[in-house]
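Subject: A structure to look at

Hello,

Here is the structure I promised to pass on to you. Have a look at it first, and then read on for what turned up in it.

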Amino acid sequence: MTDTAHPLSPQDCLVALMIAVSASDANLRTAELVKIDSTVNLLPVFADYDADRVKSMASLVFELFEQEDGLDTLFGLIRDNLPGRLFETAYALACDVAAADGTLNESELRLLEEIRYELDIDRLHAAAIERGARARHLSA
């Protein structure tokens, strides 16, 4: 992270948001971590991404969550380094992580709401993204 103009790649931003959602309830669940890992390994947006950076993004998120204005700082980094064309992708990935364990707790819902607001996700688009995540993670 030597480039001070862009310390995070767009993929780093996506990973950081997924980790933030998983860590929002102070309990990183296995299903959520597996979801993050499989997302990074399978989605085309991560094709050239060094999966070893997931650990450094996790450290960054945990560090920020310990600070009083850490969430604001995280959103500032996201807005500065994530292209607008990936905002809905970021929200979709965050929803997938939140839904991965089959439950959405209050802290995850609050963070998803904050992500919607910070990334200016249209309500109708957000509802469609949320419905898709719910459908993908229903158990039989």
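**Helix H4 and what surrounds it**

In helix H4, the buried residues are Gly70, Leu74, Phe75, Gly76, Leu77, Ile78 and Asn81. Before going further, please keep in mind that this is a predicted model. H4 runs over residues 70-81, which makes 12 residues, and it reaches 16 Å from its first C-alpha to its last, close to the 16 Å expected at 1.5 Å a residue. The cover over its buried residues includes helix H1 (10-23), helix H3 (53-65) and helix H6 (106-118).

Thr73 also lies in H4. Its relative accessibility is 35%, so Thr73 counts as partly exposed. The C-alpha atom of Thr73 is separated by 9.9 Å from that of Val61, with the two positions 12 residues apart along the chain.

**A link between H6 and Arg79**

Glu118 lies in helix H6. Is it buried or exposed? Glu118 counts as buried, because its relative accessibility is 17% and the cut-off for buried is under 20%. Once neighbours within four places in sequence are left aside, Glu118 is in contact with Phe75 and Arg79. With Arg79 there is a polar contact of 2.3 Å between the two side chains. Phe75, the other partner, is one of the buried residues of H4.

**From H6 to H7**

The loop between H6 and H7 is the place of Asp120. Its phi is near 55°, a positive value in a residue other than glycine. For background, most residues other than glycine have a negative phi. Asp120 counts as exposed, because its relative accessibility is 69%.

At the start of H7, Asp122 has a side-chain oxygen that reaches to within 3.0 Å of the backbone nitrogen of Leu124.

**Helix H7**

Helix H7 covers residues 123-136. Its 14 residues should span 20 Å at 1.5 Å a residue, and its end C-alpha atoms are 20 Å apart, which agrees.

Which residues of H7 are buried? They are Ala126, Ile129 and Ala133. These residues cover an arc of only 65° around the axis, so they sit on the same side of H7. A general point helps here: an α-helix has 3.6 residues a turn, so residues three or four places apart point the same way. On the face of H7 turned away from its buried side are the exposed residues Leu124 and Ala128. Helix H5 (87-99) and H6 are among what covers the buried residues of H7.

**Two residues of H5**

Tyr91 is a good place to see H5 meeting its surroundings. This residue is found in helix H5 and counts as buried, because its relative accessibility is 0%. Not counting residues up to four places away in sequence, Tyr91 touches Leu112, Ile115, Arg116, Ile121, Ala126, Ile129 and Glu130. Among these, Ala126 and Ile129 are buried residues of H7. The C-alpha atoms of Tyr91 and Glu130 are separated by 8.8 Å, although the two are 39 residues apart along the chain.

Thr89 is found in H5 too. At 28% relative accessibility, it counts as partly exposed. Its C-alpha atom is separated by 9.4 Å from that of Val45, a residue 44 places apart from Thr89 along the chain.

**Ser22 in H1**

Ser22 lies in helix H1, and because its relative accessibility is 0% it counts as buried. Neighbours within four places in sequence aside, the contacts of Ser22 are Asn27, Leu28, Arg29, Glu32, Leu33, Ile36 and Val97.

**What the record says, and how far to trust the model**

UniProt, in an unreviewed entry, places the feature "domain: Co-chaperone DjlA N-terminal" at residues 14-125. In the model, that stretch is 69% helix and 0% strand, and its end C-alpha atoms are 18 Å apart.

As for confidence, the chain averages a pLDDT of 90, and 94% of the residues score at least 70. Among the elements of the chain, H1 has the highest mean pLDDT, at 96, and H7 the lowest, at 88. Over residues 1-5, pLDDT stays under 50, and the model has 5 contacts beyond four places in sequence for them. Where pLDDT is low, the predicted coordinates should not be read in detail.

Enjoy exploring it!

Best wishes

Notes
Residues numbered from 1 in each chain as written. Predicted model: local features only at pLDDT ≥ 70, side-chain atom pairs only at ≥ 80, totals over all residues. Heavy atoms only, no water. Helix = DSSP H or I, 4+ residues; strand = E, 2+ residues; numbered from the N terminus. Expected span 1.5 Å × (residues − 1). Buried < 20%, exposed > 50% of the residue type's maximum accessible area, 1.4 Å probe, protein only. Contact = heavy atoms within 4.5 Å. pLDDT = per-residue confidence, 0-100. Arc of directions from axis to C-beta. Polar contact = N/O pair within 3.5 Å; in protein donor to acceptor, adjacent residues only side chain to side chain. UniProt positions renumbered as here; feature names shortened; annotations may be inferred.
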